[in-house]
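Open the model in your viewer and keep the selection tool at hand. The tour goes from one residue or element to the next, saying each time what to select and what is there.

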Amino acid sequence: MKNSLFIKTMICFSFILSSNIVLAKNKIMMAGDSWVYLPCIFGSFNKALKHSNLEQVEILKCRPTSKPGIQAEQWLRSKEHAAVLKNLYQDNNKEIKIIYLSLGGNDFVNYWNDSLNNEEENVVFEKITNNIEQIVGVYNQLRPDIKILISGYDYPRFTSTNKIAQYRKVFARMGEPLPQNINQAIVRFSNMVSTLSNTNKNIFYIQHYGLMHYYIGISQAQIAKGKTLAPDLISSLSEPNKVGGEIEYQGDIKSYLSILTISDAFHLSRYGFYKLAEHS
């Protein structure tokens with residue numbers, strides 16, 4: 001009887017342990033600017049995980065760790081960074097396996113100008129990249145077991161006629177660049193940030209340039225959706241700097257958030273952020 005009771009107890013204990021293993025979820029912590037904040041509100045990454053049958057992966061609450069408009073140079077002094085650290089320090093969050101980080105876009109639109117020469121542009125891009133590197137270094141040193149995915153953006157649609165005054169000001173401050181000029185510049189910036197990927201395979205980079213050209217098309221160029229470079233080939237693991245779409249064109253207006261006749265110049269629609277999450 002004692003042996004029988006012991007065996008039953010051990011079986012029960014083993015079942016409890018195995019249940020905990022099944023119930024424990026790998027977690028992704030999302031941190032950064034509006035390209036985290038908006039997908040967080042929309043539930044974009046949860047939907048993408050479910051669609052990919054990765055429901056055993058959980059997205060942590062991401063509003064405390066994201067803030068629209070924040071720049072990489074501001075991040076380490078922010079309450080959002082403090083929230084990231086709090087999550088990483090908590091013992092019950094050892095299940096965090098990935099940090100998804102989106103920063104640098106706001107720095108780009110604040111400091112890049114179409115009149116910059118190559119040397120001046122490199123100074124701007126190096127400063128932003130160094131700030132991102134410092135941020136990644138803090139998290140990597142604290143939790144070297146975690147993989148960090150640095151995410152880039154997609155082509156913007158800045159114009160002098162946008163109905164949102166702030167976007168008109170941004171466009172004017174950048175020197176009212178042609179679509180091709182700003183797209184090429186942001187790809188050059190992206191290429192520099194991509195150098196933060198490391199050979200230890202715990203820091204990765206992905207960008208999404210041309211993603212909406214593929215899924216939405218480019219109406220002003222009479223290019224239908226699905227005709228440009230396929231998403232699987234955009235910023236692949238082997239070629240993170242490979243961009244898609246037609247670099248001389250802005251994103252189609254349908255690619256961006258809109259309310260009635262007011263359209264965003266940079267932030268993707270719900271559908272767009274879902275596709276970005278799926279791509280990531």
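## First stop: Arg157

Begin by selecting Arg157, which is found in the loop between β4 (147-151) and α8 (165-173). Please keep in mind throughout that this is a predicted model. With neighbours within four places in sequence left aside, Arg157 is in contact with Gln220, Gln250, Gly251, Asp252, Ile253, Tyr256 and Ala265. If you add Gly251 to the selection, you can find its backbone oxygen 2.8 Å from a polar atom of the side chain of Arg157. Now add Gly175 and compare two kinds of separation: Arg157 and Gly175 are 18 residues apart in sequence, while their C-alpha atoms are 14 Å apart in space.

## The whole chain

Clear the selection and step back to the whole protein chain, which has 11 helices and 7 strands. Its C-alpha trace spans about 85 × 40 × 35 Å along the principal axes. Of the 280 residues in the chain, 48% are buried. Among contacts between residues at least 6 apart in sequence, 76% join residues at least 24 apart.

## Strand β4 and the core

Next, select Ser151, which is found in strand β4. Is Ser151 buried or exposed? Its relative accessible area is 2%, and the cut-off for buried is under 20%, so Ser151 is buried. The side chain of Ser151 makes a polar contact with the side chain of His208, at 2.8 Å. Not counting residues up to four places away in sequence, Ser151 touches Tyr100, Leu101, Ser102, Tyr205 and Ile206 as well as His208.

Then move to Ile150, which is one of the residues with the most contacts inside the largest nonpolar core, together with Phe108 and Phe158. That core has 72 residues. Setting aside residues up to four places away in sequence, the residues that Ile150 touches include Leu101, Val193, Leu196, Ile203 and Phe204, and also Ile132 and Val136.

## Helix α7

Ile132 and Val136 are both among the buried residues of α7, so to speak of them is a good reason to select that helix next. Helix α7 covers residues 118-142, has 25 residues, and reaches 36 Å from its first C-alpha to its last, close to the 36 Å expected at 1.5 Å a residue. Its other buried residues include Glu121, Val124, Phe125, Ile128 and Thr129, and further along you can pick out Asn131, Ile135 and Tyr139, which are buried too. At the start of α7, select Asn117 and Glu119, where a side-chain oxygen of Asn117 reaches to within 3.1 Å of the backbone nitrogen of Glu119.

## The disulfide

Now select Cys40 and Cys62, which are joined by a disulfide with an S to S distance of 2.2 Å. The pair links distant parts of the chain, 22 residues apart: Cys40 lies in helix α2 (residues 34-42), and Cys62 lies in the loop between β2 (57-59) and α4 (72-75). Why is this disulfide called right-handed? The torsion about the S-S bond of Cys40 and Cys62 is about 105°, and the disulfide is therefore right-handed. Both Cys40 and Cys62 are buried.

## Asn53

From there, select Asn53, whose place is in the loop between α3 (44-51) and β2. Although Asn53 is not a glycine, it has a positive phi of about 60°. Asn53 counts as exposed because its relative accessibility is 62%, where exposed means over 50%.

## Last stop: the hairpin of β6 and β7

Finish by selecting strand β6 (residues 256-259) together with β7, which pair in the antiparallel sense over 3 bridges. To see one bridge, look at Ser258, whose bridge partner in β7 is Ser263. Strand β7 (residues 262-268) is mostly covered, with 6 of its 7 residues buried.

The hairpin has 2 residues between the strands, and Leu260 is found in this loop between β6 and β7. Is Leu260 buried or exposed? With a relative accessible area of 85%, Leu260 is exposed. Leu260 also has a positive phi of about 55°, although it is not a glycine.

Note on methods. Residues are numbered from 1 along each chain as its sequence is written. This is a predicted model: local features need pLDDT of at least 70, side-chain atom pairs count only at pLDDT 80 or more; totals for chains, interfaces and linings use all residues. Side-chain values use heavy atoms; hydrogens and water are left out. Helices (H or I, at least four residues) and strands (E, at least two) are DSSP runs, numbered from the N terminus. The expected span of a helix is 1.5 Å times one less than its number of residues. Buried means under 20% relative accessible area, exposed over 50%, partly exposed in between (1.4 Å probe, protein chains only). A polar contact is a pair of N or O atoms within 3.5 Å; within protein, one must be able to donate a hydrogen and the other to accept it, and residues adjacent in sequence count only if both atoms are side-chain atoms. Two strands pair if DSSP finds at least two bridges between them. A disulfide is a pair of cysteine sulfur atoms within 2.5 Å. A nonpolar core is a set of buried Ala, Val, Leu, Ile, Met, Phe, Trp, Tyr and Cys residues joined through side-chain atoms within 4.5 Å. Contact means heavy atoms within 4.5 Å.
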